[in-house]
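Dear colleague,

I am passing on the structure below, together with some notes on what turned up in it. Please read the notes with the coordinates open beside you.

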Amino acid sequence: MNNEMSFTLLGIELQKIIENTPLVRNDQYIDIPIYTVMPNHFHMIITLNYKIDCHQHYFGVQRKNLSSVIRGIKSRLTSFAIKNNISFQWQSGFYEHIIQNERAFSKIYDYIQNNVINWLADRFY
């Protein structure tokens, strides 16, 4: 309504989980500068590195990679849905994109920020 989303109980919980992710995983650097929760998906930009001074191509601890972070978010929301008897199922996997530069960051940031406005044109609406 008026380009605003009304959150369900699951949407509210997902927001809390995303916002708490950097706090829960305080042994690694995580920054989520923007995210949006939509009726059937969510978008976010996430920056992570468990050792800031570590070479970026270092093969590190698997519980500290992007898949682990996403798995944690999905797991926590699934547990919440089960506890509250809410029928819910995630799609398998997720789509990731490595942001290469500031221009790409700005473009993706704007897309996420405007996703709610563009919801009515979404093919799954």
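**What was found in the model**

Glutamate 19 lies in helix H1, and with a relative accessibility of 47% it counts as partly exposed. Between the C-alpha atoms of glutamate 19 and isoleucine 34 there are 9.9 Å in space, while 15 residues separate the two in sequence. Please keep in mind throughout that this is a predicted model.

**Overall layout**

The protein contains three helices and two strands, and read from the N terminus its elements follow the order α-β-β-α-α. Of its 125 residues, 30% count as buried, and the surface that the protein exposes comes to about 9,300 Å², of which carbon and sulfur atoms supply 52%. If one takes the contacts between residues at least 6 apart in sequence, 55% of them join residues at least 24 apart.

**Helix H1 and the loop after it**

Helix H1 is made of 16 residues, and the distance from its first C-alpha to its last is 21 Å, close to the 22 Å expected at 1.5 Å a residue. The helix bends by about 25° at isoleucine 18, and proline 22 follows within four residues of that point. Isoleucine 18 is also one of the buried residues of H1, which are Leu10, Gly11, Glu13, Leu14, Ile17, Ile18 and Thr21; these buried residues pack against E1, E2 and H2.

In the loop between H1 and E1 one finds aspartate 27, which is partly exposed, with a relative accessible area of 35%. Its C-alpha atom is separated by 9.0 Å from that of lysine 64, although the two residues are 37 apart along the chain.

**The nonpolar core**

Which residues have the most contacts inside the largest nonpolar core? That core has 17 residues, and the ones in question are Leu14, Ile18, Ile32, Phe42, Met44 and Ile73. At least two residues of this core come from each of helix H1 (9-24), strand E1 (29-37), strand E2 (42-49) and helix H2 (66-83), with H2 supplying the largest share, six residues. As general background, nonpolar side chains in soluble globular proteins tend to be buried together.

Phenylalanine 42 deserves a separate look: leaving aside residues up to four places away in sequence, it touches Leu14, Ile18, Thr36, Val37, Ile73 and Trp90.

**Helix H2 and the residue that follows**

Helix H2 has 18 residues and reaches 26 Å between its first and last C-alpha atoms, close to the 26 Å expected at 1.5 Å a residue. At its start, a side-chain oxygen of asparagine 65 comes to within 3.3 Å of the backbone nitrogen of serine 67. The residues buried in H2 are Ser68, Val69, Ile70, Ile73, Lys74, Leu77, Phe80 and Ala81, and what covers them includes H1, E1 and E2.

After H2 comes asparagine 85, whose phi is positive, near 55°, and which sits in the loop between H2 and H3. Most residues other than glycine have a negative phi, and asparagine 85 is a residue other than glycine with a positive value. Asparagine 85 counts as exposed because its relative accessibility is 72%, and the cut-off for exposed is over 50%.

**Helix H3 and the segment after it**

The N-terminal end of H3 is capped by asparagine 101, of which a side-chain oxygen lies 3.2 Å from the backbone nitrogen of arginine 103. For the 12 residues of H3, a rise of 1.5 Å a residue gives an expected span of 16 Å, and this agrees with the 16 Å between its end C-alpha atoms.

Is asparagine 115, in the segment after helix H3 (102-113), buried or exposed? Its relative accessible area is 5%, and since buried means under 20%, asparagine 115 is buried. Its side chain and that of histidine 41 are joined by a polar contact of 3.4 Å. Apart from residues up to four places away in sequence, asparagine 115 touches Thr36, Met38, His41 and His43. Thr36 also appears among the residues that phenylalanine 42 touches.

With best regards

Methods: Residues are numbered from 1 along each chain as its sequence is written. This is a predicted model: local features need pLDDT of at least 70, side-chain atom pairs count only at pLDDT 80 or more; totals for chains, interfaces and linings use all residues. Side-chain values use heavy atoms; hydrogens and water are left out. Buried means under 20% relative accessible area, exposed over 50%, partly exposed in between (1.4 Å probe, protein chains only). A polar contact is a pair of N or O atoms within 3.5 Å; within protein, one must be able to donate a hydrogen and the other to accept it, and residues adjacent in sequence count only if both atoms are side-chain atoms. Contact means heavy atoms within 4.5 Å. Accessible areas come from the Shrake-Rupley method with a 1.4 Å probe; for residues, only the protein chains shown count as cover. A nonpolar core is a set of buried Ala, Val, Leu, Ile, Met, Phe, Trp, Tyr and Cys residues joined through side-chain atoms within 4.5 Å. The expected span of a helix is 1.5 Å times one less than its number of residues. The bend at a residue is the angle between axes fitted to the seven residues ending there and the seven starting there.
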